[in-house]
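The exercises below ask for a careful reading of one chain, with each solution worked out step by step. Try each task on the coordinates before reading on.

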Amino acid sequence: MRKSSSPYRVLSFGALAAFVSLSACSILGGGDDSNGAASSEDGGGSDAHDSGHHDSGSTRRDSGSTSTGDGGISLPHDDAGHVIGPDGGPLLCDPQPLGSFSGGTYSPPVGPYNGACTQTDLTNYASCVTGSDSTQCAQFASGGSRVTCGSCLLTPDTSSRWGATLGTDPPTSFLNVAGCYAVVFNEGLSSAGCAGKAQHAANCETTACDPSFNCAGASVDDQNACRQSAATGECSSYESTAQTACEKDAGGAESVCGPTDETTFVSFLNVFCGSAG
């Protein structure tokens, strides 16, 4: 079954009560084999887009004449710390060259259905993430009463196994959609299937739009725009590979990996940390 590339990515809810649509998702990649976390795959080392965003904005990197991004490429910066594009203007959060990136690592999901969380936990965590009840967040943090459940639901993107959401703070976390597909398609720990290829595409887009480098401090909208641009440009080959690998029909079960509200989000979380059946 042919699907758009969007569901193969890791979606960002941010601190919003409403869920973002699949067509407006953002991506968080895993670690590159040589550069650690938040890096991506090789897109042939292509140059950044010919024209950058020249609108004003806050500084997103310390000032300096040059700095080195993923892949060891030296990138010039203006006095405000913005990456300078080919036309001499600041790129801000525009896709950057990928250098020697070649896919990055794959972090298989925790679970499936490891039972670390009750249904009440999942409901409360969903309320925490979407912001509909932020008072629920504390119980899942270090020292909280549901920390064991929380450590399953939220993992750093540097972890060898990824939980249902990625990051360090639930309201600003990203959804591990690739991991959900690994469960739905019964791919186990293998990186050869839909989940692995989807994560490699996400890795690529994160390298092009590095949240600790050229996109540091950028808004969610700016990061989305950058990643979507990279998906059709620098990372298009990885997107195509993910499309092919994910052309499966799981009898409709894959719909759980694209939550659209708090109820469907709870079902998504259950795949990782709840109970089967």
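**Exercise 1.** In which helix is the place of Leu153? Establish also whether Leu153 is buried or exposed.

*Solution.* The structure is a predicted model, and the place of Leu153 in it is helix H2, which covers residues 147-153. The relative accessible area of Leu153 is 0%, and because buried means under 20%, Leu153 counts as buried. The next step is to list its partners, leaving aside neighbours within four places in sequence: Leu153 is in contact with Cys117, Leu122, Tyr125, Phe140, Gly163, Ala164, Thr165, Leu269 and Cys273. One of these partners, Thr165, is twelve residues from Leu153 in sequence, with the two C-alpha atoms 5.8 Å apart in space.

**Exercise 2.** Which residues touch the most other members of the largest nonpolar core, and which helix gives the most to this core?

*Solution.* The largest nonpolar core has 28 residues, and those that touch the most other members are Tyr125, Leu153, Phe265, Phe268, Leu269, Phe272 and Cys273. At least two residues of this core come from each of H1, H2, helix H3 (177-184) and H7. Of the elements, H7 gives the most, with seven residues. A separate, second core consists of 14 residues, including Phe101, Ala208, Ala218 and Cys226.

**Exercise 3.** At what angle do helix H1 and helix H7 pack, and which residues make the contact?

*Solution.* H1 spans residues 119-130 and H7 spans residues 262-273; the two pack at an angle of about 120°, and their axes are 9 Å apart. H1 is therefore oblique to H7, and H1 passes H7 in a right-handed crossing. On the side of H1, the contact is made by Gln119, Leu122, Thr123, Tyr125, Ala126, Ser127, Val129 and Thr130, while H7 brings Glu262, Phe265, Val266, Leu269 and Asn270. Sorted by character, the residues of this contact of H1 with H7 comprise seven nonpolar, five polar and one charged.

**Exercise 4.** How do H4 and H6 lie to each other, roughly parallel or roughly antiparallel, and what is the hand of the crossing of H4 and H6?

*Solution.* Helix H4 covers residues 194-208, and helix H6 covers residues 236-245. The angle between H4 and H6 is about 160°, with the axes 8 Å apart. Because angles over 145 degrees count as roughly antiparallel, H4 and H6 are placed in that class. Their crossing is left-handed. H4 makes the contact through Cys194, Lys197, Ala198, His200, Ala201, Cys204 and Glu205, and H6 through Tyr238, Glu239, Thr241, Ala242 and Ala245. The residues of the contact of H4 with H6 divide into seven nonpolar, two polar and three charged.

**Exercise 5.** Which peptide bond is cis, with omega near 5°, and what is the phi of Tyr113 and of Asn186?

*Solution.* The cis peptide bond is the one from Gly111 to Pro112, with omega near 5°, and Pro112 has its place in the loop between S2 and H1. Tyr113 lies in the loop between S2 and H1 as well; although Tyr113 is not a glycine, its phi is positive, at about 45°. With a relative accessible area of 34%, Tyr113 is partly exposed. Asn186, found in the loop between H3 and H4, likewise has a positive phi, near 55°, in a residue other than glycine. Asn186 counts as exposed, at 69% relative accessibility.

**Exercise 6.** Where is the place of Ser102, and what separates the C-alpha atoms of Ser102 and Cys204?

*Solution.* Ser102 has its place in the loop between strand S2 (74-76) and H1. Its relative accessibility is 55%, so Ser102 counts as exposed. Along the chain, Ser102 and Cys204 are 102 residues apart, yet their C-alpha atoms are separated by 8.5 Å. For the chain as a whole, among contacts with a separation of 6 or more, 72% are between residues 24 or more positions apart.

**Exercise 7.** How many helices and strands does the chain have, and in what order do the elements run?

*Solution.* The secondary structure comes to seven helices and five strands. Read from the N terminus on, the order is β-β-α-α-β-β-β-α-α-α-α-α. The chain has 277 residues, of which buried residues make up 53%.

Conventions
Residues numbered from 1 in each chain as written. Predicted model: local features only at pLDDT ≥ 70, side-chain atom pairs only at ≥ 80, totals over all residues. Heavy atoms only, no water. Axes fitted to C-alpha atoms, helices over the stretch in contact; angles between N-to-C directions. Helix = DSSP H or I, 4+ residues; strand = E, 2+ residues; numbered from the N terminus. Parallel < 35°, antiparallel > 145°, perpendicular 65-115°, else oblique. Left-handed = near helix turned anticlockwise from the far one by under 90°. Contact = heavy atoms within 4.5 Å. Nonpolar A, V, L, I, M, F, W, Y, C, P; charged D, E, K, R; others polar. Core = buried A, V, L, I, M, F, W, Y, C linked by side-chain atoms within 4.5 Å. Buried < 20%, exposed > 50% of the residue type's maximum accessible area, 1.4 Å probe, protein only.
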